[in-house]
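Here's a quick tour for anyone meeting this structure for the first time. Have a look at the picture, then read on.

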Amino acid sequence: MNQKTNPIETLRREGGSAIAPIRWKAWTLELLDQRRIPWEESWVPLRSTQEVKDAIQQMVVRGAPAIGIAAAFGMVLSACEYSKRQET
């Protein structure tokens, strides 16, 4: 995967939502913590498949589309974890 490709920025450029509850930065998934809205804007960094799973279960992310997108990014993190294990 090209490290310079940012799927969230691509969505915005192509007419996606200006409010993105999901960010991808430096191989880290960041979710806008839905449990804290509207009182504060808090981002939860996730760097592993287990962290994504826990965030979904704890309702950090809500709504079927957002959960599906978070799960897809979890698969990306899983592939990264697998790739790192194969290198060692």
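## Buried or not: a serine in a loop

A residue is called buried when its relative accessible area is under 20%, and exposed when that area is over 50%, with partly exposed in between. Keep that in mind while looking around this model, which is a predicted one.

Take Ser-42: its relative accessible area is 17%, so it counts as buried. You'll find Ser-42 in the loop that runs between strand S2 (28-32) and strand S3 (43-46). If you skip residues up to four places away in sequence, Ser-42 touches Leu-31, Leu-32, Asp-33 and Arg-36.

## The strands on either side

The two strands flanking that loop also pair up: S2 and S3 run antiparallel, with four bridges between them. One of the partnerships to look for is Leu-29 with Leu-46, the latter sitting in S3.

S3 has two faces to tell apart. Val-44 and Leu-46 make up the covered face, while Trp-43 and Pro-45 make up the uncovered one. Trp-43 has a charged visitor, too: the charged end of Arg-23 sits over the ring of Trp-43, 3.6 Å from the ring's centre.

## A cluster of rings

Now for the aromatic pairs; there are two of them. In one, Trp-24 and Trp-27 meet edge-to-face, with 5.5 Å from centre to centre and 80° between the planes. In the other, Trp-24 and Phe-73 have ring centres 5.1 Å apart and planes at 25°, so this pair is stacked. That second pair bridges distant parts of the chain, since Trp-24 belongs to strand S1 (residues 22-25) and Phe-73 to helix H3 (residues 64-87), 49 residues apart.

Put together, the ring pairs join Trp-24, Trp-27 and Phe-73 into a cluster. How accessible are its members? Trp-24 has 8% relative accessibility, so it counts as buried, and Phe-73 is buried as well. Trp-27, at 27%, counts as partly exposed.

## Another serine, after S3

Follow the chain past S3 and you come to Ser-48, in the loop between S3 and helix H2 (49-57). The side chain of Ser-48 reaches over to the backbone nitrogen of Glu-51, at 3.1 Å.

What else does Ser-48 contact, leaving aside its neighbours within four places in sequence? The answer is Leu-77 and Glu-81.

Note on methods. Residues numbered from 1 in each chain as written. Predicted model: local features only at pLDDT ≥ 70, side-chain atom pairs only at ≥ 80, totals over all residues. Heavy atoms only, no water. Phe/Tyr/Trp six-rings, centres within 6.5 Å; stacked < 30°, edge-to-face > 60°. Buried < 20%, exposed > 50% of the residue type's maximum accessible area, 1.4 Å probe, protein only. Lys NZ or Arg CZ within 6 Å of the ring centre and 35° of its normal. Contact = heavy atoms within 4.5 Å. Pairing = 2+ DSSP bridges. Polar contact = N/O pair within 3.5 Å; in protein donor to acceptor, adjacent residues only side chain to side chain.
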